[in-house]
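Me: I should like to go through the model shown here, one question at a time.

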Amino acid sequence: MKGALNRGTLLVLQVLVGLGFLLLWHLLTTIPVIDGKPLLPPFFFSTPLDVLARTAKDFAGTEIWRHLGITLLETELAFAIGALGGIVVGFAFARRELLAAVFDPYVKAANALPRVVLAPIFALWFGLGIWSKVALGFTLVFFIVFFNVYQGIKEVSPTVLANARMLGMNERQLLRHVYWPAALTWMFSSLHTSVGFALVGAVVGEYLGSAGGLGYKIHEAESVFDVTGVFSGMLILAIFVIVIDTVVTMIENRLLVWRPDTAAKTV
Amino acid sequence: MSSGHSASTPAASTPAAFARPNPAAQAVRFAGLDITFQLQTGGVHRAVSDITLNVARHDFVAIVGPTGCGKSTLLNAAAGLLKPSAGTVEINGTPLSGLNAKAGYLFQADALMPWKTAIDNVAVALEPQGVKRAEALERARAWLTRVGLKNFADRYPHMLSGGQRKRVSLAQMLIRDPQILLMDEPFGPLDAQTRQIMGNLLLSLWAAGDQAGERKAVLFVTHDLEEAIALADRVIVMSAGPAAKIVGDFRVELPRPRDIAEIRTEPAFHQIHKAIWASLRVEVQKTYEMSAEAQQ
């Protein structure tokens, strides 16, 4: 992809793929084939024009912004708390061998657990408000950040570390100038994944029981067989994800400017 | 390394004069040093054995020896990065415990913090001494100018060439003004021309300390005999490992200031080279034969 395509050509091709999919969907749900009925009944599959119309109507109203706000808040909280926990525990485990060795099997077991089974428990503990969703997102984000911070500290170049020590740095200075930046690098390299999982936690939590948010909106539409509403909710979710991902990429490029692959572009 | 003028006349030279040294006048003093590593496979590897060596203050000492002879191990012991299995390391007459605070270390591999710009890498070296950041940055800028990187202060290490990174490392080491410089094949990864330029830069910075009356002691490890002679006052030859020993100790009586590219053409240089190589080539040969046997 690098070099072979310029941005314009790439964008045109990306749009063409989307349009092709929509056209196919439109044709399959509207062109009569057998007994004057289309191949895909609109009741089950809706039609792209209906979905777009519904989405546009939603965005024009106020209700959707409330749902988006709730989901965004849950995602932010799940990410912030999960990342903080992952950093603290990651640091502690990487710097204290014994701690890591003792907790190793429990960390692995907890991480292997499918989070969906926890959702009803969290709903019992934290209620149907935002905190049960934050808790679900936390369990996803925490492990990603934790593993990356742990790895980042373990993989600090021995030469860089020896050099910093020879410069006379004490433990606190090593933490600030060597371990912390190394851990952050790994954390940021997993930023897309962890932000994505924070959102998954929020939406799945809402889907399983809540009174607001995108997951709730989709679930609500499903319960009355409103397929257009479901697809429209998914479309809004997709737009939301792209916006968040763009913001993450901008933050990443800003913070990791020293990394070889994010800088030094030729004009 | 050219072996053309080697074999015929062994030891037609001046082995170093051993003055009985006053311990406190020695920057670094190894006595009966023995370093043995515990291997993960269960056995042990004796890297160096029974090393006794005095490095006088203000002396530039190069250590040469075949690959894997424990040259770097010796340097790490002087830095306090490695604890000797037996024997002692003394710095300025006091036994070393923990890291050597008097020494600066220039590593062979990249040792700069990749997330800091050139100037930040240099300035951070002053933080342990409690220098204020504004002053540290000012002094770092002066040092970057001295090593010829005035216009590269805001570059990150990956945006610099290998030679430029070494210059930053040199500034980072020297800004702390250490009394002893430990250098582990620092110019090894660089190309031939860059090595010569870096060698001359090192010599000029070292000689600048001379005028201030505080020339530093240098322990310079290299596998390049020509580099060792061009730079040093004294060349130590180590035997093939394991359990490497010191097998040669030569004074290099070449006038200073030197240009390390030009000095190689002088007849005196060739004489010294011939003498040291006679002692070194036996060890290189041994290492070669051992590795050939190991492959069979």
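Me: Over how many bridges do strand β1 (residues 26-38) of chain B and β2(B) pair?

Reply: This is a predicted model, in which local features need pLDDT of at least 70, side-chain atom pairs count only at pLDDT 80 or more, and totals for chains, interfaces and linings use all residues. Residues are numbered from 1 along each chain as its sequence is written, while chains are lettered from A and ligands numbered from 1 in the order in which they are written. Strands (E, at least two residues) and helices (H or I, at least four) are DSSP runs numbered from the N terminus, and two strands pair if DSSP finds at least two bridges between them. In the antiparallel sense, β1 and β2 of chain B pair over 9 bridges.

Me: Which residue in β2(B) does B:R29 stand opposite?

Reply: Strands of a sheet pair through backbone hydrogen bonds, either parallel or antiparallel. Opposite B:R29, in β2(B), stands B:N54.

Me: Which strands of chain B stand at the edges?

Reply: The open sheet of chain B has 4 strands in the order β2-β1-β4-β5, with antiparallel pairing. Two of them have a single partner strand each, so one side of each is left without a neighbour in the sheet: β2 (44-56) and β5 (94-95).

Me: What is the radius of gyration of chain A?

Reply: Chain A has 12 helices and 2 strands. The globule rule (2.2 Å times the number of residues to the power 0.38) gives 18 Å for its 267 residues, and chain A is more spread out than a compact globule because its radius of gyration, taken over C-alpha atoms, is well over that, at 23 Å.
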